[in-house]
Amino acid sequence: MIENLRPRVDSLPSHSLKQPGITADVLRLDLVHSLISGNKWYKLKKYLQDARAKSKTTILTFGGAFSNHILATAAACKEYGLSCAGIIRGEKPAKLSQTLLDAAALGMDLIYVSREDYKLKKIPDLAYEKYPSFYLIPEGGYGVLGMEGAKNILAPVTKKYTHILAAVGTGTTLAGLIEASTANQQIIGISALKNYFDLPKEINLLLSSNNEDRFEILHDYSFAGYAKHNQQLLQFMNDWFRLTSIPSDFVYTGKLFYAFEYLCDKGFFPENSDILLIHSGGLQGNRSLPKGTLIF
Ligand SMILES: *Cc1c(COP(=O)(O)O)cnc(C)c1O
């Protein structure tokens, strides 16, 4: 049912652009699926196919309590008829997040590990006992198969764009965009993590050699770090929605659109730039905010 994705492209109204002489579109991956929203389905697909080809029946992966990747993995595995387990960062909370409740309802077995063990990406003994022959998908889908899947994001999109901007976590999606774009397109990643200066190196590990250094990572728009946010960001997300009717999430895409507006304000883009912003989804994460924080 989500094999042939044709996400919508929305043109941003010219009055919403803070720089004259440019045009900008948003690729609405947030609309492709209610749970496997955004870039996650693209990143998961090749892993799931590989697991099937290897006759694996259980997928194992890592994530936090609000993770888009955990929920998308649970939903995608259900669709693929695979069972799955999620290794979740931190002890089991008294009250499960909506993300974890949804993942469990989709059939994911949740295995909690301490933050220390999580950092080491240690697979707990319990997981080996229950699922002796699991197929591991790295945290966030980072890896060459994830990148290969992410290349398909640009498949239905014309090559006319001069710049492609996307929010970045592990860099897997950006690597796919770089590989799928043409040499005259500039790829700009907005990092959602604080001072993750190894990111270009991690991305280059996923790229074919002729594409190294075809991209730029901006580190100034993380709002103090992963999933960190303040009133200014939340206010911006509401204003952006009023202006464009496009909802965003506070972990990734809110920061992407904020960065875009800031760059426009500084006159960053050359005249006649035709920009594509990738809306990578993640809206489910907003459910961790107090009710009424956002107007969408
Ligand atoms: C996971 C995620 C990203 C980051 O993707 P990477 O491939 O890890 O860089 C960006 N946006 C959203 C909404 C996400 O859920």
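**Exercises: a ligand and a core**

A backbone N or O atom of Thr172 lies 3.4 Å from an oxygen atom of the ligand, which fits a polar contact (a pair of N or O atoms within 3.5 Å). Keep in mind that this is a predicted model, where local features need pLDDT of at least 70, side-chain atom pairs count only at pLDDT 80 or more, and totals for chains, interfaces and linings use all residues. Residues are numbered from 1 along each chain as its sequence is written, and side-chain values use heavy atoms, with hydrogens and water left out.

**Exercise 1.** Find which atoms of Thr170 and Gly171 lie close to a ligand oxygen, and at what distance.

*Solution.*
- Step 1: Look at the side chain of Thr170, where an N or O atom is 2.6 Å from a ligand oxygen.
- Step 2: Move on to Gly171, whose backbone offers an N or O atom 2.9 Å from an oxygen of the ligand.

**Exercise 2.** Describe the shell around the ligand by class.

*Solution.*
- Step 1: Sort the residues, each with a heavy atom within 4 Å of the ligand.
- Step 2: The shell has three nonpolar, ten polar and two charged residues; Gly counts as polar here, and Asp, Glu, Lys and Arg as charged.
- Step 3: Among the 15 residues, Lys40, Asn68, Thr170, Thr173 and Ser280 come nearest.

**Exercise 3.** Explore the surroundings of Ile275.

*Solution.*
- Step 1: List its contacts (heavy atoms within 4.5 Å), leaving out residues up to four places away in sequence.
- Step 2: Ile275 touches, among others, Ile22, Tyr161, Leu165, Phe260 and Phe269.

Notes. A polar contact is a pair of N or O atoms within 3.5 Å; within protein, one must be able to donate a hydrogen and the other to accept it, and residues adjacent in sequence count only if both atoms are side-chain atoms.
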